[in-house]
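Before you set up any calculation on this chain, please go through the points below with the model open beside them. They take the sheet, its packing and one pocket in turn.

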Amino acid sequence: MTLEELVGSNSTEKKMETVSQALEELLVAAQRQDCLTVGVYESAKLMNVDPDSVVLCLLATDEEDEDDIALQIHFTLLQAFCCDNDINILRVSGVRRLAQLLEEDTEDSNGNEPRDLHCILVTNSTVQPLQCQALQNISSFCEESRCGNQWVPFLELQDG
(Lines give C-alpha, C1' and ligand atoms only; values in the text may rest on other atoms or scores of the structure.)
Protein backbone atom coordinates (compact mmCIF):
# COMPACT_ATOMS: atom_id res chain seq x y z
CA MET A 1 0.00 0.00 0.00
CA THR A 2 1.38 3.39 -0.95
CA LEU A 3 1.35 6.43 1.27
CA GLU A 4 -1.32 8.04 -0.92
CA GLU A 5 -3.55 4.98 -0.57
CA LEU A 6 -3.03 4.92 3.18
CA VAL A 7 -3.77 8.62 3.62
CA GLY A 8 -6.72 8.40 1.21
CA SER A 9 -8.30 5.45 3.02
CA ASN A 10 -7.73 7.11 6.40
CA SER A 11 -9.54 10.27 5.27
CA THR A 12 -12.34 8.12 3.82
CA GLU A 13 -12.74 6.37 7.17
CA LYS A 14 -12.87 9.73 8.97
CA LYS A 15 -15.44 11.02 6.48
CA MET A 16 -17.60 7.93 6.98
CA GLU A 17 -17.35 8.34 10.75
CA THR A 18 -18.41 11.99 10.42
CA VAL A 19 -21.34 11.04 8.19
CA SER A 20 -22.36 8.29 10.63
CA GLN A 21 -22.37 10.79 13.49
CA ALA A 22 -24.37 13.25 11.39
CA LEU A 23 -26.92 10.54 10.57
CA GLU A 24 -27.30 9.65 14.24
CA GLU A 25 -27.78 13.33 15.16
CA LEU A 26 -30.31 13.75 12.33
CA LEU A 27 -32.37 10.74 13.40
CA VAL A 28 -32.52 11.87 17.02
CA ALA A 29 -33.45 15.44 16.03
CA ALA A 30 -36.05 14.27 13.50
CA GLN A 31 -37.62 11.94 16.05
CA ARG A 32 -37.86 14.78 18.58
CA GLN A 33 -39.66 16.91 15.98
CA ASP A 34 -41.91 14.03 14.91
CA CYS A 35 -40.35 14.01 11.42
CA LEU A 36 -39.73 10.26 11.12
CA THR A 37 -41.78 7.61 9.38
CA VAL A 38 -40.70 4.12 10.37
CA GLY A 39 -41.45 0.92 8.47
CA VAL A 40 -41.43 -0.26 4.88
CA TYR A 41 -45.20 -0.14 4.40
CA GLU A 42 -45.67 3.12 6.32
CA SER A 43 -42.89 4.71 4.24
CA ALA A 44 -44.37 3.52 0.96
CA LYS A 45 -47.78 4.93 1.94
CA LEU A 46 -46.30 8.33 2.85
CA MET A 47 -44.22 8.56 -0.32
CA ASN A 48 -47.33 7.77 -2.36
CA VAL A 49 -49.32 10.54 -0.65
CA ASP A 50 -46.69 13.24 -0.02
CA PRO A 51 -43.30 12.56 -1.66
CA ASP A 52 -42.34 16.25 -1.48
CA SER A 53 -42.12 16.08 2.30
CA VAL A 54 -39.44 13.35 2.27
CA VAL A 55 -35.84 14.56 2.51
CA LEU A 56 -34.10 11.23 3.20
CA CYS A 57 -34.92 7.56 2.77
CA LEU A 58 -32.88 5.26 4.99
CA LEU A 59 -32.81 1.57 4.05
CA ALA A 60 -31.38 -0.58 6.83
CA THR A 61 -30.30 -4.20 6.68
CA ASP A 62 -28.00 -6.51 8.52
CA GLU A 63 -26.29 -9.62 7.24
CA GLU A 64 -29.24 -11.84 8.19
CA ASP A 65 -31.57 -9.68 6.04
CA GLU A 66 -29.59 -10.14 2.81
CA ASP A 67 -31.51 -13.31 1.89
CA ASP A 68 -34.94 -11.76 2.51
CA ILE A 69 -36.18 -11.54 -1.08
CA ALA A 70 -39.37 -9.66 -0.20
CA LEU A 71 -37.37 -7.00 1.66
CA GLN A 72 -34.94 -6.66 -1.26
CA ILE A 73 -37.86 -6.20 -3.68
CA HIS A 74 -39.34 -3.50 -1.44
CA PHE A 75 -35.94 -1.79 -1.32
CA THR A 76 -35.64 -1.87 -5.11
CA LEU A 77 -39.06 -0.28 -5.50
CA LEU A 78 -38.38 2.34 -2.82
CA GLN A 79 -35.01 3.19 -4.41
CA ALA A 80 -36.60 3.61 -7.84
CA PHE A 81 -39.29 5.87 -6.40
CA CYS A 82 -36.68 7.95 -4.56
CA CYS A 83 -34.58 8.35 -7.71
CA ASP A 84 -37.63 9.43 -9.70
CA ASN A 85 -38.55 12.01 -7.04
CA ASP A 86 -35.04 13.32 -6.20
CA ILE A 87 -35.12 11.95 -2.65
CA ASN A 88 -31.76 11.21 -1.05
CA ILE A 89 -31.30 7.51 -0.29
CA LEU A 90 -28.85 5.95 2.12
CA ARG A 91 -28.36 2.24 2.81
CA VAL A 92 -27.06 1.37 6.23
CA SER A 93 -26.17 -1.70 8.21
CA GLY A 94 -26.72 -1.70 11.94
CA VAL A 95 -30.41 -2.19 12.68
CA ARG A 96 -29.53 -2.71 16.37
CA ARG A 97 -27.86 0.70 16.46
CA LEU A 98 -30.94 2.27 14.88
CA ALA A 99 -33.08 0.65 17.58
CA GLN A 100 -30.76 2.13 20.24
CA LEU A 101 -30.92 5.60 18.69
CA LEU A 102 -34.68 5.55 18.38
CA GLU A 103 -35.04 3.92 21.79
CA GLU A 104 -36.92 0.99 20.32
CA ASP A 105 -37.37 -2.14 22.38
CA THR A 106 -36.65 -5.41 20.64
CA GLU A 107 -39.96 -6.57 22.11
CA ASP A 108 -42.50 -4.67 24.13
CA SER A 109 -43.82 -5.88 27.48
CA ASN A 110 -46.82 -7.50 25.77
CA GLY A 111 -44.57 -9.63 23.55
CA ASN A 112 -45.55 -7.71 20.40
CA GLU A 113 -43.16 -7.49 17.48
CA PRO A 114 -40.93 -4.39 17.36
CA ARG A 115 -41.43 -1.71 14.72
CA ASP A 116 -39.91 -2.43 11.32
CA LEU A 117 -36.70 -0.38 11.20
CA HIS A 118 -35.73 -1.52 7.70
CA CYS A 119 -37.01 1.70 6.16
CA ILE A 120 -37.01 5.10 7.84
CA LEU A 121 -38.05 8.34 6.17
CA VAL A 122 -36.95 11.74 7.40
CA THR A 123 -39.63 14.25 6.49
CA ASN A 124 -39.74 18.00 6.43
CA SER A 125 -42.95 19.79 7.26
CA THR A 126 -43.66 23.14 5.64
CA VAL A 127 -44.92 24.46 8.98
CA GLN A 128 -41.72 23.82 10.94
CA PRO A 129 -38.90 22.79 8.59
CA LEU A 130 -36.20 20.51 9.96
CA GLN A 131 -33.13 22.74 10.01
CA CYS A 132 -29.90 21.15 11.16
CA GLN A 133 -26.32 20.85 10.02
CA ALA A 134 -26.59 17.06 10.17
CA LEU A 135 -29.23 17.05 7.41
CA GLN A 136 -27.02 19.26 5.25
CA ASN A 137 -24.04 16.94 5.86
CA ILE A 138 -26.04 13.85 4.88
CA SER A 139 -27.44 15.59 1.79
CA SER A 140 -23.93 16.62 0.73
CA PHE A 141 -22.68 13.06 1.24
CA CYS A 142 -25.50 11.66 -0.89
CA GLU A 143 -24.86 14.24 -3.62
CA GLU A 144 -21.11 13.53 -3.65
CA SER A 145 -21.85 9.81 -3.90
CA ARG A 146 -24.17 10.36 -6.87
CA CYS A 147 -21.48 12.44 -8.58
CA GLY A 148 -19.17 9.45 -8.12
CA ASN A 149 -21.81 7.17 -9.72
CA GLN A 150 -22.74 5.56 -6.42
CA TRP A 151 -26.48 6.17 -6.55
CA VAL A 152 -27.24 4.53 -3.22
CA PRO A 153 -24.37 5.16 -0.80
CA PHE A 154 -23.75 2.66 1.99
CA LEU A 155 -22.91 3.45 5.61
CA GLU A 156 -22.10 1.10 8.45
CA LEU A 157 -23.45 2.16 11.84
CA GLN A 158 -21.43 1.05 14.84
CA ASP A 159 -23.13 -0.16 18.00
CA GLY A 160 -22.73 2.53 20.62
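Which residue of strand 4 does L59 stand opposite? L59 stands opposite C119, and the points that follow place this pair in its surroundings.

1. Basis of the note. The model is predicted, so local features were accepted only at pLDDT of at least 70 and side-chain atom pairs only at pLDDT 80 or more, while totals for chains, interfaces and linings use all residues. Residues are numbered from 1 along each chain as its sequence is written, and side-chain values use heavy atoms, with hydrogens and water left out.

2. Overall make-up. The chain holds 5 helices and 5 strands, where helices (H or I, at least four residues) and strands (E, at least two) are DSSP runs numbered from the N terminus. Read from the N terminus, the elements follow the order α-β-α-β-α-β-α-β-α-β. Of the 160 residues, 41% count as buried, a term that means under 20% relative accessible area, with exposed set at over 50% and partly exposed in between (1.4 Å probe, protein chains only). Among contacts between residues at least 6 apart in sequence, 82% join residues at least 24 apart; contact here means heavy atoms within 4.5 Å.

3. The sheet. The 5 strands form an open sheet in the order 1-4-2-3-5, with mixed pairing, two strands being paired if DSSP finds at least two bridges between them. Strand 1 (36-38) and strand 5 stand at the edges with a single partner strand each, so one side of each has no neighbour in the sheet. On average, neighbouring strands are turned by 25° against each other, direction ignored; axes are lines fitted to C-alpha atoms, for helices over the stretch in contact, and angles run from 0 to 180 degrees between N-to-C directions.

4. Pairing in detail. Strands of a sheet pair through backbone hydrogen bonds, either parallel or antiparallel. Strand 2 (residues 54-61) runs parallel to strand 3 (residues 88-93) over 6 bridges, and T61 has S93 as its bridge partner in strand 3. Strand 2 also pairs with strand 4 in the antiparallel sense over 5 bridges. L56 stands opposite N88 in strand 3 and opposite V122 in strand 4. Strand 1 and strand 4 pair in the antiparallel sense over 3 bridges, with T37 and L121 as bridge partners.

5. Burial of strands 2 and 4. In strand 2, 7 of its 8 residues are buried. In strand 4, 5 of the 5 residues are buried, so this strand is largely enclosed by the rest of the structure. In a regular strand the side chains alternate between the two faces of the sheet. In strand 4, C119, L121 and T123 point one way and I120 and V122 the other, and all of them are buried.

6. The loop at P51. P51 sits in the loop between helix 2 and strand 2. Leaving aside neighbours within four places in sequence, P51 is in contact with L46, F81, N85 and I87. P51 and F81 are 30 residues apart in sequence, with a C-alpha to C-alpha distance of 9.1 Å.

7. The second largest pocket. This pocket holds about 180 Å³ of space. On a 1 Å grid over the protein atoms alone, a pocket is an open set of points where a 1.4 Å probe fits, with protein on both sides within 12 Å along at least five of seven lines, and lining residues have an atom within 4 Å of a point; grid points are joined across faces, edges and corners, and a volume is the space filled by probe spheres set on the points. The lining has 11 residues, of which M16, E17, S20, E156 and Q158 lie nearest the centre. Helix 1 (3-32) and strand 5 (154-156) each supply at least two lining residues, and helix 1 gives the most, with 5 residues. The lining divides into 3 nonpolar, 4 polar and 4 charged residues, where Ala, Val, Leu, Ile, Met, Phe, Trp, Tyr, Cys and Pro count as nonpolar, Asp, Glu, Lys and Arg as charged, and the others, Gly among them, as polar.

8. S20 in the lining. S20 belongs to helix 1 and counts as buried because its relative accessibility is 11%. Beyond its neighbours within four places in sequence, S20 is in contact with L155, E156 and L157.
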